[in-house]
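Me: I am new to this structure and would be grateful for a close look at a single part of it. Please take one buried position, describe its surroundings, and then work outward to the elements around it.

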Amino acid sequence: GLALVASRLSGGFRPFTAPGGLVEGVLLGLVVTPVGEEFLFRGLLEGLLLSSCGFRVAVVLPALLFSAVHALPFLRAPPAYLACVLLSALALGLLAGYLRAVSGSLVPAVAIHACFNFSGLVVGLLGL
């Protein structure tokens, strides 16, 4: 649903980081990015915070930083689109952080991240 809303608000904006082809989009969106970002935000950062802070701080702080980092490619996007991207990234960050914290594993966080990216990829490919 979030991918459809974002698509409607994009005004045709395409971030400079958007992959060029289908194979590149699938590899980056479903493998490289989910593994890399989840390792950084949920593995390293959340792992450190879980051992030194409370559960809430360990889940919320990385999610906020994750959302903020996702603003960079969209700074020139229409404001409503940027807001949708940031809210989507925050929702993903909170969900992935919660799943990582309760499971003790990065696998659920990587899986849900890949699902989020997959929905965006499908919406983009179908031109919805």
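Reply: Leaving aside neighbours within four places in sequence, Glu-46 is in contact with Phe-41, Ala-58, Val-59, Pro-62, Gly-97, Arg-100 and Ala-101. This description rests on a predicted model. Glu-46 itself belongs to helix H2. Its relative accessibility is 0%, and it therefore counts as buried, the limit being under 20%. The side chain of Glu-46 reaches the backbone nitrogen of Ala-101 at a distance of 3.4 Å. A further link across the sequence concerns Tyr-98: this residue is 52 residues from Glu-46 along the chain, yet the two C-alpha atoms are separated by 10.0 Å.

The helix that carries Glu-46 deserves attention next. Helix H2 comprises 31 residues, from 22 to 52. At 1.5 Å a residue H2 should span 45 Å, and its end C-alpha atoms are 42 Å apart, which agrees. H2 nevertheless has a kink of about 40 degrees, centred on Leu-28. Its buried residues are Gly-25, Gly-29, Pro-34, Glu-37, Glu-38, Phe-41, Arg-42, Gly-43, Glu-46 and Leu-49. What covers these buried residues includes helix H3 (55-69), helix H4 (79-103) and helix H5 (107-126).

A second glutamate of the same helix may be set beside Glu-46. Glu-38 is also placed in helix H2. With a relative accessibility of 0%, Glu-38 counts as buried. Beyond its neighbours within four places in sequence, Glu-38 is in contact with Thr-33, Gly-43, Phe-66, Ala-96, Leu-106, Ala-109, Val-110 and His-113. Glu-38 also forms a salt bridge with Arg-42, in which the closest N and O atoms are 2.6 Å apart. The structure holds one salt bridge. Both partners lie in helix H2, four residues apart, which is about one turn of the helix. An α-helix has 3.6 residues a turn, so residues three or four places apart point the same way. Arg-42, like its partner, is buried, and its relative accessible area is 0%.

From H2 the description passes to helix H4, which contributes to the cover of the buried residues of H2. The 25 residues of H4 should span 36 Å at 1.5 Å a residue, and the end C-alpha atoms are 36 Å apart, in agreement with that expectation. The buried residues of H4 are Tyr-81, Leu-82, Cys-84, Val-85, Ser-88, Ala-89, Leu-92, Gly-93, Ala-96, Gly-97, Arg-100 and Ala-101. Among the contacts of Glu-46 are Gly-97, Arg-100 and Ala-101, while Ala-96 is one of the contacts of Glu-38. After H4 comes Gly-104, whose phi is positive, near 75 degrees.

Not every residue of H4 is hidden. Leu-87 is found in helix H4, and its relative accessibility of 58% means that it counts as exposed, the limit being over 50%. The C-alpha atoms of Leu-87 and Ala-68 are 9.9 Å apart in space, with their positions 19 residues apart in sequence. Ala-68 lies in helix H3 and is partly exposed, with a relative accessible area of 45%. Ala-68 is also 9.9 Å from Val-85, C-alpha to C-alpha, at a sequence separation of 17 residues.

Helix H5 also forms part of the cover over the buried residues of H2. The 20 residues of H5 should span 28 Å at 1.5 Å a residue, and the end C-alpha atoms are 28 Å apart, which agrees. The buried residues of H5 are Ala-109, Val-110, His-113, Ala-114, Leu-121 and Val-123. Ala-109, Val-110 and His-113 are among the contacts of Glu-38.

These local details may finally be placed within the chain. The protein chain has five helices and zero strands, and from the N terminus on its elements run α-α-α-α-α. Of its 128 residues, 34% are buried. Among the contacts with a separation of 6 or more, 70% are between residues 24 or more positions apart. The chain exposes about 7,100 Å², of which carbon and sulfur atoms supply 75%.

Key: Residues are numbered from 1 along each chain as its sequence is written. This is a predicted model: local features need pLDDT of at least 70, side-chain atom pairs count only at pLDDT 80 or more; totals for chains, interfaces and linings use all residues. Side-chain values use heavy atoms; hydrogens and water are left out. Helices (H or I, at least four residues) and strands (E, at least two) are DSSP runs, numbered from the N terminus. The expected span of a helix is 1.5 Å times one less than its number of residues. The bend at a residue is the angle between axes fitted to the seven residues ending there and the seven starting there. Buried means under 20% relative accessible area, exposed over 50%, partly exposed in between (1.4 Å probe, protein chains only). Contact means heavy atoms within 4.5 Å. A polar contact is a pair of N or O atoms within 3.5 Å; within protein, one must be able to donate a hydrogen and the other to accept it, and residues adjacent in sequence count only if both atoms are side-chain atoms. Accessible areas come from the Shrake-Rupley method with a 1.4 Å probe; for residues, only the protein chains shown count as cover. A salt bridge is a side-chain nitrogen of Lys or Arg within 4 Å of a carboxyl oxygen of Asp or Glu.
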